[in-house]
Amino acid sequence: MIRKQKDKKRQQNESDQEQPLKKKKHLRKKDRTDQIIRIEELEELMAKYGDDVDPETVVSMYIPHRKRRRIGAALLHLDKLNLLLLGLLLTAVLLFIAAFMQEKMGNFTINLNRLELYRKGISISETGNFEDATARLTASNVQDATNISIDDLPDNLDGQEGSHNGKNYMAYTYYLRNAGKEDLGYIATITLDSCAKGAEKAVRIAVWRNGERVVYAAPAEDGDDEDGCTSFESDSLVCTYEEKDFLVGNVDRYTIVIWMEGDDPECVDSIIGGSVEFSMHIDADYDDHTSLLWKFIKDIKDTLTGDKPIDAAGNEAPNGSYYPDREITWSTRRNK
C-alpha cells in the first residue's frame, strides 16, 4: 500500500515536471510560426508562465495607434493658453508659406517699400489716374512662349497700361506717384529671382522710364555687351534707376517688356522649356533708423492734429489731397 502511494506520488511529480516542458514547447512553436510577439503578449505570458517563457523570444515594441494616442494625450495635457499659442504658431507658418508662394507667382512683380515709401504717400498703380493705388503689383505671365526678335515687337508698347502681353513676350506698364507730404528720393532695381536651363543668357528686358527706353541683356560670351543692349549689372541684378528729387506731385511711368531674343547666339535648343522670373523693388534712397513704434505714434499724432495725416496702418494710399489745387495723376503731374 505504501509502495503504491510512492509510485503514485512519483508519477504525479513527473507529470508536473513535463507540464512546463509542454508549455515551453508551445511557446517555441509560436516563435517558429510568428517569430515576433508584441510586448503586450509577452507581459501576459510572463504573468501566466513566469520563468518558463523562452528568453530568446523576439519582442516587437509596436503598439497599434501608439503615436496617435501619445499625441492625443499630449494635447489633452495642454492648457488653453498653450493651445492658443500653438494655434497662432501654425497660423503664422501657413501665412508665411502663402506669402512666399504669392511672392513667386507670375513672371514679374513690382514691390514698393511699404514702411518708408507707401506710408509717406508714395504709391503705384496700373492706371495713370491711380484708381487702385497700392504697394504691390503682379504682371500676368506668358505661357508656352518661344523666341522672338526685337524687330517683331509692336511699336506702341509704351502707349498702353497695365498688363498687355503679346505672343511670345510679356509687357507691363505702371505708374509711381508722390502724393505725400514731403519731397524725397527712391531707388528702383530689377532683379533676376530665378532661372532654369540657361534661359537668362538669351532673355531681353526693355525698360521705358518716362518714354526713354533701355534694353538689358546678360553679357555676351566674350564679356562684352550684346548688340544694342546694356549688360546686367551682376548675375542677379539687371539694372538700377535712382531718382533723388521725387517731388510731391511727381509721377513716373515705367513699361517693362521681357522676351527671349531669337537673334541671340545663345538662344539655342538647350534652353527650350527654360524659364526666368524677375521682380522690381522700389526703396527709399535714405536710411531711416527711427523705430517703428515712433513712426506709428507720429502718424497718429498727425491724424489727430490734422497735419496732412496719412493712414497710420499704411493700408490706404493718399488720393492726392496733399496737393492743394488738384488730384495727382499722370496727366496732371508736376514733372511734365
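How many disulfides does a search of the whole structure find? The search finds zero. The structure examined here is a predicted model. Two cysteines may be described in this context. Cys229 has a relative accessibility of 12% and therefore counts as buried, since the class covers residues under 20%. Cys239, at 1% relative accessibility, also counts as buried.

Salt bridges were searched for across the whole structure as well, and six were found. In one of them, the side chain of Asp158 meets that of Arg253, with an N to O distance of 3.3 Å. Asp158 is located in the loop between S5 and S6, whereas Arg253 belongs to strand S13, which comprises residues 251–260; the pair therefore ties together parts that lie 95 residues apart in sequence. Both partners, Asp158 and Arg253, are buried.

Strand S13 also contributes Asp252. This residue forms a salt bridge with Arg209, and the closest N and O atoms are 3.5 Å apart. Because Arg209 lies in strand S9 (residues 203–209) and Asp252 in strand S13, the pair ties together parts separated by 43 residues in sequence. Asp252 is buried, as is Arg209.

A further salt bridge is formed by the side chains of Lys244 and Glu242, at 3.0 Å from N to O. Lys244 has a relative accessible area of 56% and is therefore exposed, the limit for this class being over 50%. Glu242, with a relative accessibility of 44%, counts as partly exposed. Salt bridges with shared partners also join Arg209, Glu243 and Asp252 into one network.

Two surface patches are described next. The first is a patch of negative charge, in which Glu126, Glu131, Asp132 and Glu161 gather on the surface. Of these residues, Glu161 is placed in the loop between strand S5 (136–139) and strand S6 (162–163). Its relative accessibility is 40%, so Glu161 counts as partly exposed. The second patch is nonpolar, has an area of about 340 Å², and is made by Leu86, Leu89, Leu90 and Val93. Leu89 is part of helix H4, which spans residues 80–103. With a relative accessibility of 51%, Leu89 counts as exposed, because exposed residues are those over 50%.

The loop between S5 and S6 also holds Gln160. At 30% relative accessibility, Gln160 counts as partly exposed. The C-alpha atom of Gln160 is separated by 9.3 Å from that of Ala171, a residue eleven positions away along the chain. The loop between S5 and S6 thus contains the buried Asp158 as well as the partly exposed Gln160 and Glu161.

A contact between parts remote in sequence involves Ile110 and Met280, which are 170 residues apart in sequence, while their C-alpha atoms are 4.7 Å apart in space. Ile110 is found in strand S3, formed by residues 108–112. The relative accessible area of Ile110 is 0%, and the residue is therefore buried.

Backbone torsions were also considered. Most residues other than glycine have a negative phi. Phe130 is not a glycine, yet has a positive phi of about 55°. Phe130 is found in the loop between strand S4 (122–125) and S5, and its relative accessible area of 6% places it among the buried residues. Asn210, likewise a residue other than glycine, has a positive phi near 55°. The place of Asn210 is in the loop between S9 and strand S10 (212–217). Asn210 has a relative accessibility of 32% and so counts as partly exposed, whereas Phe130 is buried.

Definitions and conventions:
Residues are numbered from 1 along each chain as its sequence is written. This is a predicted model: local features need pLDDT of at least 70, side-chain atom pairs count only at pLDDT 80 or more; totals for chains, interfaces and linings use all residues. Side-chain values use heavy atoms; hydrogens and water are left out. Patches are made of residues with over 30% relative accessible area and no salt bridge: like charges are joined within 9 Å, nonpolar side chains (Val, Leu, Ile, Met, Phe, Trp, Tyr) within 5 Å. Accessible areas come from the Shrake-Rupley method with a 1.4 Å probe; for residues, only the protein chains shown count as cover. A salt bridge is a side-chain nitrogen of Lys or Arg within 4 Å of a carboxyl oxygen of Asp or Glu. Lys and Arg count as positive and Asp and Glu as negative; His and the chain ends are not counted. The place of a charge is taken as NZ of Lys, CZ of Arg, CG of Asp or CD of Glu. Helices (H or I, at least four residues) and strands (E, at least two) are DSSP runs, numbered from the N terminus. Buried means under 20% relative accessible area, exposed over 50%, partly exposed in between (1.4 Å probe, protein chains only). A disulfide is a pair of cysteine sulfur atoms within 2.5 Å.
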